[in-house]
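Trainee: I would like to go through this chain with you step by step, beginning with its overall arrangement and ending with its interior.

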Amino acid sequence: FSLPGPGSARLELLDVSGRRVSERSVSGAAVQTVALAGAAALPQGVYLLRLTQDGRSVVKRVSVVH
C-alpha cells in the first residue's frame, strides 16, 4: 500500500466478524509492505484490511490460503 501523505495511519486486519486480529501503526508516503501476522501463521480464510488516515478509511477483502 501507499499513503497519500506523510502522516501516521492505522492498518488493521479484521476477521469476517469484525474482530481485530492484528493492528499496526504506519507512516510515510512511500510504498510499504507490512507483515501483519507476525511470527504466527494466520488460519486460512477471508479477512478484511482497513487502512485509516486522517479520518478516511479504505477496506479491502483478502484471502489467506496455505
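Trainee: In what order do the elements of the chain run from the N terminus on?
Mentor: Bear in mind that this is a predicted model. The secondary structure comes to zero helices and four strands, and from the N terminus on the order of the elements is β-β-β-β.

Trainee: What radius of gyration does the chain have, and how does that fit a compact globule?
Mentor: Along its principal axes the C-alpha trace spans about 35 × 25 × 15 Å. A compact globule with 66 residues would have a radius of gyration near 11 Å, and the chain agrees with this because its own value is 12 Å.

Trainee: Which strand gives the most to the largest nonpolar core?
Mentor: That core is made up of ten residues, namely L3, A9, L11, L13, V26, L36, L42, Y47, L51 and V64. At least two of its residues come from each of β1 (8-15) and β3 (45-53). With three residues, the strand that gives the most to this core is β1.

Trainee: Which residues does L11 touch, leaving aside those up to four places away in sequence?
Mentor: L11 is itself a member of the largest nonpolar core, as are two of the residues on its contact list, L36 and L51. With residues up to four places away in sequence left out, the residues that L11 touches are F1, S22, E23, R24, V34, L36, L49, R50 and L51.

Trainee: What share of the 66 residues is buried?
Mentor: Buried here stands for under 20% relative accessible area. Counted over the 66 residues of the chain, the buried share is 27%.

Note on methods:
Residues are numbered from 1 along each chain as its sequence is written. This is a predicted model: local features need pLDDT of at least 70, side-chain atom pairs count only at pLDDT 80 or more; totals for chains, interfaces and linings use all residues. Side-chain values use heavy atoms; hydrogens and water are left out. A nonpolar core is a set of buried Ala, Val, Leu, Ile, Met, Phe, Trp, Tyr and Cys residues joined through side-chain atoms within 4.5 Å. Buried means under 20% relative accessible area, exposed over 50%, partly exposed in between (1.4 Å probe, protein chains only). Contact means heavy atoms within 4.5 Å. The radius of gyration is taken over C-alpha atoms; the globule rule is 2.2 Å times the number of residues to the power 0.38.
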